[in-house]
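Colleague: Could you take me through the surroundings of the ligand in this model, step by step? I am new to reading structures, so please go slowly and show me what lies beyond that site too.

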Amino acid sequence: MSISVKTFASTAEAATALSGDRAARFMGGGTLIMRAVNEGDQSFNTILLANDPALTEIQAQGDRLIIGSRVTMAQILASRDLEFLHPVARAVGGPAIRNMATVGGNLFAEHPYGDLTAALLVLDCQVTLAGGQTSTLPDLLRDRTREPRVLVASVSIVRPQSGIFKFRKVSRVKPKGVSLMTIAAWIPQSGGRVSGARVAYSSMGPTPMRVQAVEQALEGATLDETGVGNALSAATSGIEPPTDAIASSWYRREVAPVHLKRTLLGG
Ligand SMILES: Cc1cc2nc3c(=O)[nH]c(=O)nc-3n(C[C@H](O)[C@H](O)[C@H](O)COP(=O)(O)OP(=O)(O)OC[C@H]3O[C@@H](n4cnc5c(N)ncnc54)[C@H](O)[C@@H]3O)c2cc1C
């Protein structure tokens with residue numbers, strides 16, 4: 001099957017083309033789209049590109065950072081403003097992938113991908129669609145397979161104070177392995193106790209997700225071995241981890257508390 005490629009100068013034009021054609025896909029960096037083409041995926045026959053420079057910009061606005069959807073992992077690694085995301089971007093594939101892989105594409109990457117998305121989930125991410133409408137990231141993830149498809153223009157995240165943001169990707173092959181489990185956490189403390197924690201996983205379900213049972217168990221806890229005990233017990237509460245070529249569901253459940261503890265307490 002032949003594939004047509006349409007390039008637009010503006011994001012709005014690309015979004016209109018996307019919403020009007022069920023067989024069209026917007027392309028960010030193409031690491032997954034082009035793999036699908038090579039594998040003979042018949043579910044789309046048109047690739048849409050947008051050359052809008054705003055899609056590749058990173059802007060600081062007060063305590064928030066706005067990241068265009070076509071910003072790549074390599075661009076994140078080159079940005080001083082996004083230094084707290086460097087360990088996250090470095091966890092995505094190898095250098096060739098990081099040169100192409102975009103923020104927008106990561107939001108739609110299927111299991112076992114989505115390492116960056118787990119981090120965005122705890123950074124209070126707001127998603128701006130082409131056309132200006134906004135969405136929360138959990139809503140976007142819930143609806144990401146719906147038709148007509150939406151085009152993400154940018155994401156907005158908070159800039160964390162030192163020590164609040166934690167990230168760990170667990171994989172069996174280092175340094176470029178696919179995730180067995182990825183954990184991101186935002187752990188503010190008040191008076192020596194956790195207050196308003198956000199914790200997210202990827203590779204533990206169909207999409208990256210917030211882990212509310214863990215967040216609730218951390219509320220008011222001290223950040224030490226005893227204090228995080230209830231959170232570790234709740235590590236997979238309400239979650240059905242997948243079985244795939246990397247690990248079984250049983251194994252993911254077994255190791256989740258171990259890696260959650262390391263994320264929260266270090267080590
Ligand atoms: C060898 C290899 C290793 C990888 N390793 C990792 C890894 O370690 N961690 C990880 O998280 N991922 C990994 N990936 C997956 C992928 O490279 C990344 O998730 C990447 O961020 C996807 O972005 P992209 O721009 O390449 O997506 P694309 O291939 O361009 O698109 C992927 C999907 O997202 C949609 N999309 C893209 N941009 C937008 C937008 N702005 N609005 C709406 N929809 C959009 C596309 O239509 C498509 O459905 C790997 C992939 C490969 C091939």
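Modeller: Sorted by class, the shell around the ligand has 15 nonpolar, eleven polar and three charged residues. Please keep in mind that this is a predicted model, and that the values here are computed from it. There are 29 residues around the ligand, and those that come nearest are F26, G29, T31, T102 and D115.

Now let us look at some contacts made by oxygen atoms of the ligand. What is the distance between a ligand oxygen atom and a backbone N or O atom of I33? That distance is 2.8 Å. At G30, a polar backbone atom is 2.9 Å from an oxygen atom of the ligand. With K169 the partner belongs to the side chain: one of its N or O atoms is 2.8 Å from a ligand oxygen. How much of the ligand does the protein cover? On its own, the ligand exposes 970 Å², and the protein buries 89% of that area. Two elements, α2 (33-38) and α6 (103-108), give two or more residues each to the shell. Of the elements, α6 provides the largest share, with four residues.

To place this site in the whole chain, it helps to know the domains. The protein chain is divided into domain 1 (4-50), domain 2 (53-158) and domain 3 (165-265). Between the centres of domain 1 and domain 3, taken over C-alpha atoms, the separation is 34 Å. Why can we say that the ligand lies between two domains? Domain 1 and domain 2 both give residues to the shell around the ligand, so the ligand lies between them.

We can follow K169 from here, as this residue also appears in the lining of the second largest pocket. Other residues in that lining include R90, A91, R98, S171 and K176. The volume of this pocket is about 180 Å³. At least two lining residues come from α5 (95-100), and at least two from β9 (165-171). By class, the lining of this pocket divides into three nonpolar, three polar and five charged residues. Both domain 2 and domain 3 contribute to the lining, so the second largest pocket lies between these two domains.

What about enclosed space? Rolling a probe the size of a water molecule over the atoms shows where empty space is left. A search of the whole structure finds one cavity of 30 Å³ or more. The largest cavity holds about 40 Å³ of space. Its lining includes H111, P112, Y113, R144, S203 and P208, and the classes in that lining are five nonpolar, four polar and two charged residues. Domain 2 and domain 3 both give residues to the lining, so the largest cavity lies between them.

Two of those cavity residues are worth another look, along with a residue further on in the chain. Most residues other than glycine have a negative phi, and most peptide bonds are trans. The peptide bond from H111 to P112, however, is cis, with omega near 10 degrees. P112 is found in the loop between α6 and α7 (115-122). D124 is not a glycine, yet D124 has a positive phi of about 55 degrees. Where does D124 lie? D124 is in the loop between α7 and β6 (126-129).

Methods:
Residues are numbered from 1 along each chain as its sequence is written. This is a predicted model: local features need pLDDT of at least 70, side-chain atom pairs count only at pLDDT 80 or more; totals for chains, interfaces and linings use all residues. Side-chain values use heavy atoms; hydrogens and water are left out. A residue is near a molecule or strand if one of its heavy atoms lies within 4 Å of it. A polar contact is a pair of N or O atoms within 3.5 Å; within protein, one must be able to donate a hydrogen and the other to accept it, and residues adjacent in sequence count only if both atoms are side-chain atoms. Accessible areas come from the Shrake-Rupley method with a 1.4 Å probe; for residues, only the protein chains shown count as cover. Ala, Val, Leu, Ile, Met, Phe, Trp, Tyr, Cys and Pro count as nonpolar, Asp, Glu, Lys and Arg as charged, and the others, Gly among them, as polar. Domain bounds come from an automatic or database domain assignment. On a 1 Å grid over the protein atoms alone, a cavity is a set of points where a 1.4 Å probe fits but cannot get out, and a pocket is an open set with protein on both sides within 12 Å along at least five of seven lines; lining residues have an atom within 4 Å of a point. Grid points are joined across faces, edges and corners, and a volume is the space filled by probe spheres set on the points.
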